[in-house]
Amino acid sequence: MGRLFLALLVLLPLALPLSCGSPDKGDPSVIGEFVVRFDTIEGGCWKLVAADNAVYGPVNLDAAFQVDGLRVSASLRLLPFTVILCAGAPVEILEIAPLP
């Protein structure tokens, strides 16, 4: 029994990275056009609203884009294990540009 436990203990660190995988920063999860909105909940937070009314909570929205009603084009990566206080799916902005 001791040898089996020792073997599992040695193999576990090798198996975990294979089962978890790693996020690919080059493959954004969401690409599209959004409207930047300010939500006054919990002292205020910024969100991106898509044309289909899907709401995303960016964790890294640059101050230059923090303009309520600003239309932008963006590439986003979903952050499945991140918690934010505001409504919406937590995302990291990979690329963002204002729309005319």
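Trainee: In which loop is Asn53 found?
Mentor: This is a predicted model, and its strands are numbered from the N terminus. Asn53 is found in the loop between β2 and β3.

Trainee: Is Asn53 buried or exposed?
Mentor: A residue counts as exposed when its relative accessible area is over 50%. Asn53 has a relative accessible area of 61%, so the residue is exposed.

Trainee: What is phi of Asn53 near?
Mentor: Most residues other than glycine have a negative phi. Asn53 is a residue other than glycine, yet its phi is positive. The value is near 70°.

Trainee: Which pattern does the protein follow, read along the sequence?
Mentor: The protein has 1 helix and 5 strands. Read along the sequence, these elements give the pattern α-β-β-β-β-β.

Trainee: Which residues form a disulfide?
Mentor: The structure holds 1 disulfide. The cut-off for the sulfur atoms is 2.5 Å, and in this pair they are 1.4 Å apart. The angle about the S-S bond is -125°, and the link is left-handed. The residues are Cys45 and Cys86.

Trainee: How many residues apart are Cys45 and Cys86?
Mentor: Cys45 is in strand β2, residues 45-50. Cys86 is in the loop between β4 (71-78) and β5 (89-98). The pair links distant parts of the chain, and the two are 41 residues apart.

Trainee: Does Cys86 count as buried or exposed?
Mentor: Buried means under 20% relative accessible area. Cys45 has 12% relative accessibility and counts as buried. Cys86 has 12% relative accessibility, so Cys86 counts as buried.

Trainee: Why is the pair of Phe34 and Tyr56 edge-to-face?
Mentor: The count of aromatic pairs comes to 2. In the pair of Phe34 and Tyr56, the ring centres are 5.9 Å apart. Planes over 60 degrees apart count as edge-to-face. The pair is edge-to-face because the planes of its rings are at 90°.

Trainee: How many residues apart in sequence are the parts that Phe34 and Tyr56 tie together?
Mentor: Both Phe34 and Tyr56 are buried. Phe34 lies in strand β1 (residues 30-39) and Tyr56 in strand β3 (residues 55-58), so the parts tied together are 22 residues apart in sequence.

Trainee: What is the relative accessibility of Leu48?
Mentor: Leu48 is found in strand β2. Leaving aside neighbours within four places in sequence, Leu48 is in contact with residues including Phe34, Tyr56, Val72, Leu76 and Ile93. Leu48 counts as buried, with a relative accessibility of 0%.

Trainee: How far apart in space are Leu48 and Phe34, C-alpha to C-alpha?
Mentor: Leu48 is in contact with Phe34. In sequence the two are 14 residues apart. In space, C-alpha to C-alpha, the distance is 5.7 Å.

Trainee: With which side chain does the side chain of Asp39 make a polar contact?
Mentor: Asp39 has its place in strand β1. Beyond four places in sequence, Asp39 is in contact with Gly44, Cys45 and Lys47. The polar contact, at 3.3 Å, is with the side chain of Lys47.

Trainee: How far apart in space are Val59 and Lys47, C-alpha to C-alpha?
Mentor: Val59 has its place in the loop between β3 and β4. Val59 and Lys47 are 12 residues apart in sequence. C-alpha to C-alpha, the distance is 9.2 Å.

Trainee: As what does Val59 count at 46% relative accessibility?
Mentor: Not counting residues up to four places away in sequence, Val59 touches Leu79, Thr82, Ile84, Val91 and Glu92. The range for partly exposed lies between 20% and 50%. At 46%, Val59 counts as partly exposed.

Trainee: What percentage of the residues in the protein is buried?
Mentor: The protein exposes about 7,000 Å², and carbon and sulfur atoms supply 63% of that area. Of the 100 residues in the protein, the buried ones make up 25%.

Trainee: What pLDDT does the protein average?
Mentor: A score of at least 70 is reached by 72% of the residues. Over residues 5-12 the pLDDT is below 50, and this stretch has 0 contacts in the model beyond near neighbours in sequence. Over residues 14-19 the pLDDT stays under 50. The protein averages a pLDDT of 82.

How values were computed
Residues numbered from 1 in each chain as written. Predicted model: local features only at pLDDT ≥ 70, side-chain atom pairs only at ≥ 80, totals over all residues. Heavy atoms only, no water. Helix = DSSP H or I, 4+ residues; strand = E, 2+ residues; numbered from the N terminus. Buried < 20%, exposed > 50% of the residue type's maximum accessible area, 1.4 Å probe, protein only. Areas by Shrake-Rupley, 256 points an atom, 1.4 Å probe, with all protein chains shown as cover. pLDDT = per-residue confidence, 0-100. Contact = heavy atoms within 4.5 Å. Phe/Tyr/Trp six-rings, centres within 6.5 Å; stacked < 30°, edge-to-face > 60°. Polar contact = N/O pair within 3.5 Å; in protein donor to acceptor, adjacent residues only side chain to side chain.
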